[in-house]
Amino acid sequence: MKNVLLIGATGFVGSAVLKELVNRGHKVTAVARNLDKVLKNDNVTPVKADVADADVIARLAAGKDAIISAYNPGWTNPDIKKLIETNYPKILEAAKKSGVKRLLIVGGAGTLFVKPGLRVVDSGAIPAEIMDGVRPLGNFYLNVLMNEKSIDWVFLSPAGAFDEKGERTGKFRLGKDDLIVDQATGTSHISVEDYAVAMVDELENEAHHKERFTLGY
């Protein structure tokens with residue numbers, strides 16, 4: 001059993017990760033804005049905290065085996081760009097202050113390559129209305145995480161899209177920097193449930209270190 005601090009525990013991805021953690025018997029301190037939405041379980045301790053306060057997050061993370069960050073200000077939040085640019089470095093700062101061994105981040109697909117030299121974010125495939133959430137997280141990975149040497153971080157990029165009606169199959173392919181495309185459909189997709197499987201697999205198995213990896217069908 002791992003003892004984990006999960007940031008963003010009630011979001012689309014965060015809630016799926018929390019469910020997977022609980023189902024595997026891990027102990028979770030779940031950070032969320034609305035504690036009423038946090039999954040109720042004996043192994044879950046809900047905490048309301050501001051990710052912008054690195055000292056508070058560091059104290060919550062102290063003694064844990066890992067931090068999993070599913071932080072997202074909300075795709076409809078008009079300040080999403082500024083909040084990602086401001087708060088993800090603070091989450092990294094908190095992780096380092098806490099002394100926690102590992103930081104696992106719910107990444108985006110934007111920095112994956114669709115062909116040599118061309119990333120998804122520059123391919124024209126991403127709608128303009130969500131670009132303020134995609135590019136800043138990608139820049140954090142490229143400009144900050146890739147230069148980070150003092151903590152064992154992982155950035156897990158999903159496939160190009162989450163299935164609207166997904167299911168937990170436990171069957172998917174892993175990759176590193178290239179977008180994984182479903183050979184049967186020609187699309188890049190994954191269910192949020194299987195994304196959560198891959199994230200908790202990584203927590204348990206520690207197969208990746210100071211790097212990004214990705215998954216898809």
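## A pocket, an open sheet and two helices

Sorted by class, the residues lining the largest pocket come out as 30 nonpolar, 16 polar and two charged. Keep in mind that this is a predicted model. The volume of this largest pocket is about 1200 Å³. There are 48 lining residues, and V13, N72, W75, G107 and F162 are the ones closest to the pocket centre. Which elements feed the lining with at least two residues each? They are α1 (12-23), α3, α4 and β9 (161-162).

Now for the sheet. It is an open one built from eight strands with mixed pairing, and the order reads β3-β2-β1-β4-β5-β8-β12-β10. Why do β3 and β10 each have one side without a neighbour in the sheet? Both stand at the edges, β3 covering 44-47 and β10 covering 173-175, and each has a single partner strand, so one side of each stays free of a sheet neighbour. From one strand to the next, the twist averages 20°.

Inside the sheet, β4 (residues 66-69) runs parallel to β5 (residues 102-106), and the two pair over four bridges. On that β5 strand, I105 is the residue that S69 stands opposite.

Two helices pack against these strands, and here is how they line up:

| Helix | Residues | Strands involved | Direction |
|---|---|---|---|
| α3 | 80-98 | β1 (3-7), β4, β5 | about 160° to β5 |
| α4 | 131-143 | β5, β8 (152-157), β12 (211-216) | about 145° with β8 |

So much for the layout; the reference strand for the angle is β5 in the case of α3 and β8 in the case of α4. Strand β5 turns up in both rows, lying under α3 and being touched by α4.

On to the aromatic rings. How many aromatic pairs does a search of the whole structure find? It finds six. One of them joins Y88 and F140, with 5.2 Å centre to centre and 35° between the planes, which puts it in the tilted class. This pair ties together distant parts of the chain: Y88 sits in helix α3 and F140 in helix α4, 52 residues apart. Those two helices also each give at least two residues to the lining of the largest pocket.

Key
Residues numbered from 1 in each chain as written. Predicted model: local features only at pLDDT ≥ 70, side-chain atom pairs only at ≥ 80, totals over all residues. Heavy atoms only, no water. Pairing = 2+ DSSP bridges. Axes fitted to C-alpha atoms, helices over the stretch in contact; angles between N-to-C directions. Contact = heavy atoms within 4.5 Å. 1 Å grid on protein atoms, 1.4 Å probe; cavity = no way out; pocket = protein on both sides within 12 Å on 5 of 7 lines; lining within 4 Å. Points joined across faces, edges and corners; volume = space filled by probe spheres on them. Nonpolar A, V, L, I, M, F, W, Y, C, P; charged D, E, K, R; others polar. Phe/Tyr/Trp six-rings, centres within 6.5 Å; stacked < 30°, edge-to-face > 60°.
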